[in-house]
Protein chains: 2
Amino acid sequence: MPGMKIGDLARRTGTNTPTIRYYEEIGLIPRADRQDGGQRRYGDEDVKRLTLIRRCREFGFPIEQIRSLVTLAEEPGRSCLEARDLSREHLAAVRTKLRELKALERSLVRFVESCETACAGGPGPDCTILEDLAKPSGRAKVAAGMGRGTGRRRARGS
Amino acid sequence: MPGMKIGDLARRTGTNTPTIRYYEEIGLIPRADRQDGGQRRYGDEDVKRLTLIRRCREFGFPIEQIRSLVTLAEEPGRSCLEARDLSREHLAAVRTKLRELKALERSLVRFVESCETACAGGPGPDCTILEDLAKPSGRAKVAAGMGRGTGRRRARGS
DNA sequence: GGTAGGCCTTCAAGTAACTTGAGGTTCAAG
DNA sequence: CTTGAACCTCAAGTTACTTGAAGGCCTACC
């Protein structure tokens, strides 16, 4: 059913409509079929592709890397193993990010707790915020795998 | 020991030197003391502050949000509870990101595995890449908490 | 003491990945 | 047939840096 409008696709994939047009412009997604009036129409394929793209973008994979994955995925056969290897690399990077994110979580938990005790009755004079939050935790230069790019989301409403 | 040069600070925190200067310029970190020749000198405080900043940036917290956390942290007393609340929000956002990142991890694992079987002997004609990777997994519009901004890292060497 | 090389300085321009805005068109509902 | 939401294009703005040019400082070796 290639009857989906850009807004529908946007809703289904959690993307802004201008972003979809932008992706088309830079050739990350193929140029959509147009209706008589010039409006874009999409199908289920497009939902899948865009879902994958957004998921990767969320976690900072740069567009060019996603492009290579997606185009590999598009050519059937020939490059299946290549795609697998690329995904493996992605996977390793994701796991690195997971570890780091957990470290940040721990830091924050510790901080909130210490804040609870320290400032219990009301704001105290020294919350040791930097002490608690910014502990070295091992590494300095992160060797963050392939991560780059923005991974941004819309600001929340409230 | 406030004898650290900008390059040392950079190495210790995993930041590029121009980025440090940039942070100073936008007032995210205080203007560093200068030596006679005009070179910046830093101390341990600066390492802590920058470590915290970079950690948050890694996971997409926008600079303005980090700025409010850091300046809260800097004024002792008065705003300890405020800082705690802010960190709580950060924590919630981090946990959301953790969940999503785990979902992406699972997708990738599933994909790599299916690739291993499907393309076992060599590249096959249909790897179901999009099928496997871009499964809906529940939500569409993510409501990702506070995340925005870029969270970028240097590209890896290899 | 001079000079090579590596660090540092400022300032300006470039980049990625969008977002926002202006100004106009299309289309489904009433 | 009109109205209003959703669409279109094109241009400019934004965030968070990165890269480059043109030069200054500083340690080390000859």
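**Exercise 1.** In which helix of chain A is A:K97 found, and is A:K97 buried or exposed?

*Solution.* This is a predicted model, in which local features need pLDDT of at least 70, side-chain atom pairs count only at pLDDT 80 or more, and totals for chains, interfaces and linings use all residues. Residues are numbered from 1 along each chain as its sequence is written, while chains are lettered from A and ligands numbered from 1 in the order in which they are written. Begin with the helix, a DSSP run of H or I with at least four residues, numbered from the N terminus: A:K97 lies in α5 of chain A, residues 80-118. Next, count neighbours: A:K97 has 27 other C-beta atoms within 10 Å, and a residue is buried if 20 or more lie within that distance of its own C-beta, placed from the backbone, exposed if 12 or fewer, and partly exposed in between. A:K97 is therefore buried.

**Exercise 2.** Which residues of α1(B) are buried, and where on the helix do they fall?

*Solution.* The buried residues in α1(B) are B:L9, B:A10 and B:T13. Seen down the helix axis, they fall within an arc of 100° (taken from the directions from the axis to the C-beta atoms), so they line one face of α1(B).

**Exercise 3.** Which residues are the closest to DNA strand C, and which helix gives the most to the surface near it?

*Solution.* Of the 24 residues that surround DNA strand C, the closest are A:G37, A:P62, A:I63, B:K5 and B:G7, where near means a backbone-placed C-beta atom within 6 Å. Helix α2(A) gives the most to this surface, with three residues.

Key: Helix = DSSP H or I, 4+ residues; strand = E, 2+ residues; numbered from the N terminus.
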